[in-house]
Amino acid sequence: MLSWLHSEHFPLYLAPMAGVTDVTFRGICKELGADVLVTEFVSAEGILQRDDRTRHYTDFDDGQRPLGVQLFGADGVRMGEAARKIIDWKQPDFIDINFGCPVNKVVSKNGGSSLLKNCPLLASVAREVAKAVPIPVTAKMRIGWDAQNINAVEVARILEDCGIQAITVHGRTRAQGYTGLADWEVIGQVADAVKIPVIGNGDVASGLDVEVRRAQTNVRGIMIGRAAMANPWVFQEARHYLTTGQHATPATVEQRFALMRRHCELAISRSKRGGEFEVIRSMRSRLMSYTRSIPGGKYLRGRFGQIASLMEMDDILADYQTHQQRGLVSQESDADDVVTEAN
Ligand SMILES: Cc1cc2nc3c(=O)[nH]c(=O)nc-3n(C[C@H](O)[C@H](O)[C@H](O)COP(=O)(O)O)c2cc1C
């Protein structure tokens with residue numbers, strides 16, 4: 001049960017990210033060293049009511065195991081039913097319950113992070129889901145509702161009592177959204193307070209970050225989200241650092257472009273809702289995320305904001321290389337980038 005959390009190997013998780021960690025991106029991160037994957041969150045009611053529309057969120061290939069499907073909701077019995085349905089379809093390795101989502105649409109229906117304010121309801125959700133399914137159930141939570149109500153240790157103890165087998169803690173409150181810094185002190189307190197494994201999450205972007213957080217706390221794994229959107233090599237780089245104590249050579253710009261192209265090609269080949277034009281347009285923001293790890297990212301974001309075909313991607317690379325040869329690309333990632341020729 002959750003064998004990867006009970007071995008010498010320190011697992012690196014890809015964070016669930018709605019609209020980002022679909023089957024294609026998860027596959028890419030797996031190839032680049034992510035050990036454990038979790039689907040983006042799926043509504044339990046959606047699973048029960050609209051099978052087909054919601055089902056594709058739970059899709060995965062066997063090569064992506066170990067993989068968890070993340071559910072959100074506020075009714076443990078219904079969530080347990082939804083979890084059983086998913087297990088009938090796909091047999092994931094674990095079910096993860098979302099107690100962290102800050103979005104109003106979810107919170108207003110008592111789902112996600114709102115359960116941190118209602119421990120009896122949170123306990124009933126955790127208990128019912130754990131009771132309903134024959135596979136491990138894990139949970140992902142924030143450290144509390146707001147700075148005045150940081151209750152992660154209390155919540156973690158409740159979850160452990162309810163049969164939850166591992167907990168991921170994102171070190172921010174709901175009120176913080178994605179602002180400020182993740183509080184790794186509280187994550188460490190949770191890891192010390194419960195016997196089940198705790199996975200730490202928040203602001204980890206390099207092998208050094210992983211090593212520092214591992215040394216500082218008793219977490220049994222680390223989850224990485226936004227850094228992987230810009231640089232999916234982060235898993236490989238982190239593993240290299242953990243193994244050798246040395247920084248890996250970063251991927252080249254050409255490798256990054258090749259990956260972006262392959263990501264688009266895979267998305268097109270999997271698409272059931274349109275051809276190249278629709279898929280590439282829908283991937284603009286994903287491509288822009290990749291540029292955050294490339295010098296001259298601002299220039300590239302301008303170009304990717306308009307992209308509509310794979311051929312344009314080749315043109316963008318060629319133009320970028322020309323700019324680079326002329327010394328017009330800033331060497332800083334994400335900086336103010338390409339100086340116009342007029343300057
Ligand atoms: C675009 C986006 C979508 C997210 N969707 C989910 C989600 O579906 N389920 C979840 O538990 N967390 C979700 N999160 C939170 C991440 O899993 C993670 O906890 C957070 O980004 C902090 O980790 P990081 O600093 O490594 O990015 C999302 C975050 C982002 C940026």
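The following exercises, each with a worked solution, concern a predicted model of one protein chain.

In this predicted model, local features require a pLDDT of at least 70, side-chain atom pairs count only at pLDDT 80 or more, and totals for chains, interfaces and linings use all residues. Residues are numbered from 1 along each chain as its sequence is written.

**Exercise 1. The domains**

State which domains the chain is assigned and describe the side of domain 1 that touches domain 2.

Solution.
Step 1. The bounds come from an automatic or database domain assignment. Domain 1 covers residues 3-244, and domain 2 covers 253-325.
Step 2. Taken over C-alpha atoms, the centres of domain 1 and domain 2 are separated by 29 Å.
Step 3. Two residues are in contact if their C-beta atoms, placed from the backbone, lie within 7 Å. By this criterion, six residues of domain 1 are in contact with nine residues of domain 2.
Step 4. Helices (H or I, at least four residues) and strands (E, at least two) are DSSP runs, numbered from the N terminus. The helices α1 (23-31) and α10 (226-230) each supply at least two residues of the side of domain 1 that touches domain 2. Helix α1 gives the most, with three residues.
Step 5. For residue classes, Ala, Val, Leu, Ile, Met, Phe, Trp, Tyr, Cys and Pro count as nonpolar, Asp, Glu, Lys and Arg as charged, and the others, Gly among them, as polar. The side of domain 1 that touches domain 2 has four nonpolar, two polar and no charged residues.

**Exercise 2. Helix α1**

Determine which residues of α1 are buried and how they are arranged about the axis of α1.

Solution.
Step 1. A residue is buried if 20 or more other C-beta atoms lie within 10 Å of its own, exposed if 12 or fewer, and partly exposed in between, with C-beta atoms placed from the backbone. In α1, the residues Phe25, Arg26, Cys29 and Lys30 are buried.
Step 2. Seen down the axis of α1, the buried residues fall within an arc of 140° (taken from the directions from the helix axis to the C-beta atoms), so they line one face of the helix.
Step 3. The cover over these buried residues includes β1 (12-14), β2 (36-38), α10 and α11 (234-244).
Step 4. Just after α1, glycine 33 takes a positive phi of about 110°.

**Exercise 3. Annotated residues**

Locate histidine 170, glycine 225 and cysteine 101, and explain why each counts as buried or exposed.

Solution.
Step 1. UniProt positions are given in the numbering used here, feature names are shortened, and annotations may be inferred rather than shown by experiment. In an unreviewed entry, UniProt lists a "binding site" whose residues include His170 and Gly225. The UniProt annotation "active site", also from an unreviewed entry, covers Cys101.
Step 2. Histidine 170 is found in strand β7 (residues 167-173). Histidine 170 counts as buried because it has 27 C-beta neighbours inside 10 Å. Leaving aside neighbours within four places in sequence, histidine 170 is in contact with residues including Lys140 and Asn201.
Step 3. Glycine 225 is found in the loop between β9 (221-224) and α10. Glycine 225 is buried because 20 other C-beta atoms lie within 10 Å. Apart from neighbours within four places in sequence, glycine 225 is in contact with Ala15 and Met17.
Step 4. Cysteine 101 lies in the loop between β5 (94-99) and α5 (104-107). Cysteine 101 counts as buried because it has 22 C-beta neighbours inside 10 Å. Leaving aside neighbours within four places in sequence, cysteine 101 is in contact with residues including Phe41 and Phe72.

**Exercise 4. Backbone geometry**

Identify where the peptide bond from arginine 65 to proline 66 is cis, and where glutamine 91 and asparagine 110 lie.

Solution.
Step 1. Most residues other than glycine have a negative phi, and most peptide bonds are trans.
Step 2. The peptide bond from arginine 65 to proline 66 is cis, with omega near -5°. Proline 66 has its place in the loop between α3 (51-55) and β4 (67-72).
Step 3. Glutamine 91 has a positive phi, near 45°, and lies in the loop between α4 (76-90) and β5. Glutamine 91 is exposed because 12 other C-beta atoms lie within 10 Å.
Step 4. Asparagine 110 has a positive phi, near 70°, and lies in the loop between α5 and α6 (119-132). With 16 C-beta neighbours inside 10 Å, asparagine 110 counts as partly exposed.
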